[in-house]
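Biologist: Before I accept the labels attached to this structure, I would like to go through the reasoning behind a few of them. Could you take me through them one at a time?

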Amino acid sequence: MTKATDATDIKWRISREIPHLRRFARSLVSDRDRADDLVQDCLERAIRKHHLWRRTGSVRSWLFKILYNVFVNQYRKKMAEIPMDDAVPELSVPARQEKRMICMDIGQALEKLPPNQKAVILLIALEGVTYDEAAEVLDISVGTVRSRLSRGRDSLRSLYSGKTNVKLRRVK
């Protein structure tokens with residue numbers, strides 16, 4: 001396969017994954033414009049570095065890994081900045097549909113999770129990737145994926161149900 005054919009093939013494969021990338025990015029940042037910017041950064045980096053894809057795993061996992069790394073870099077940069085105004089605009093009329101309210105409550109609970117737990121839950125529950133693929137995307141072991149998923153689900157349940165009590169372990 002020639003270099004030109006190889007580049008065309010990888011661009012075609014990447015273009016097929018854009019809806020999945022957008023959904024994952026939207027779940028991570030909860031803002032359509034920021035999610036589109038995140039996907040754009042991911043795609044730009046993937047096309048520029050397409051020669052680094054080893055063709056051992058799926059393109060989707062490789063792209064998720066790039067997207068997550070871009071997200072983490074942006075998150076770290078954002079945390080280093082001093083926020084000027086953390087005011088969140090409230091909706092003028094609350095939603096009346098029960099399912100919409102449940103989705104909003106779960107979304108708000110997801111926003112309160114640490115980014116590492118949130119990413120694992122979104123990859124596995126929303127995107128349907130396997131534990132092995134999630135471990136590869138996040139560059140952690142499968143055991144760590146399972147641990148973060150378990151802790152994230154527990155935290156999500158307690159945040160969603162409104163129970164915020166913390167169980168302390170006894171130190172001897």
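**Reasoning behind the labels**

Modeller: Glu127 has a relative accessibility of 8% and counts as buried; please keep in mind that the model is a predicted one.

Biologist: What makes Glu127 count as buried?

Modeller: The label applies under 20% relative accessible area, and because Glu127 comes out at 8%, the residue is buried. Glu127 is placed in the loop between α6 and α7 (131-138), and, leaving aside neighbours within four places in sequence, Glu127 is in contact with His20, Arg23, Phe24, Phe64 and Leu122.

Biologist: Why is Gln117 called buried?

Modeller: With the cut-off at under 20%, the relative accessible area of 9% places Gln117 among buried residues. Gln117 belongs to helix α6 (residues 115-126), and its contacts, again without neighbours within four places in sequence, are Arg148, Arg151, Gly152 and Ser155.

Biologist: How do you know that α5 is oblique to α8?

Modeller: Helix α5 (residues 98-112) packs against helix α8 (residues 142-161) at an angle of about 125°, the axes being 9 Å apart. That makes the pair oblique, because roughly perpendicular covers 65 to 115 degrees and roughly antiparallel starts over 145. The crossing of α5 past α8 is right-handed.

Biologist: Which residues meet where α5 packs on α8?

Modeller: From α5 come Ile102, Asp105, Ile106, Ala109, Leu110 and Lys112, which meet Leu156, Leu159 and Tyr160 of α8. By class, this contact has seven nonpolar and two charged residues, with no polar ones.

Terms used:
Residues are numbered from 1 along each chain as its sequence is written. This is a predicted model: local features need pLDDT of at least 70, side-chain atom pairs count only at pLDDT 80 or more; totals for chains, interfaces and linings use all residues. Side-chain values use heavy atoms; hydrogens and water are left out. Helices (H or I, at least four residues) and strands (E, at least two) are DSSP runs, numbered from the N terminus. Buried means under 20% relative accessible area, exposed over 50%, partly exposed in between (1.4 Å probe, protein chains only). Contact means heavy atoms within 4.5 Å. Axes are lines fitted to C-alpha atoms, for helices over the stretch in contact, and angles run from 0 to 180 degrees between N-to-C directions. Angles under 35 degrees count as roughly parallel, over 145 as roughly antiparallel, 65 to 115 as roughly perpendicular and the rest as oblique. A crossing is left-handed if the near helix is turned anticlockwise from the far one by less than a right angle, and right-handed if clockwise. Ala, Val, Leu, Ile, Met, Phe, Trp, Tyr, Cys and Pro count as nonpolar, Asp, Glu, Lys and Arg as charged, and the others, Gly among them, as polar.
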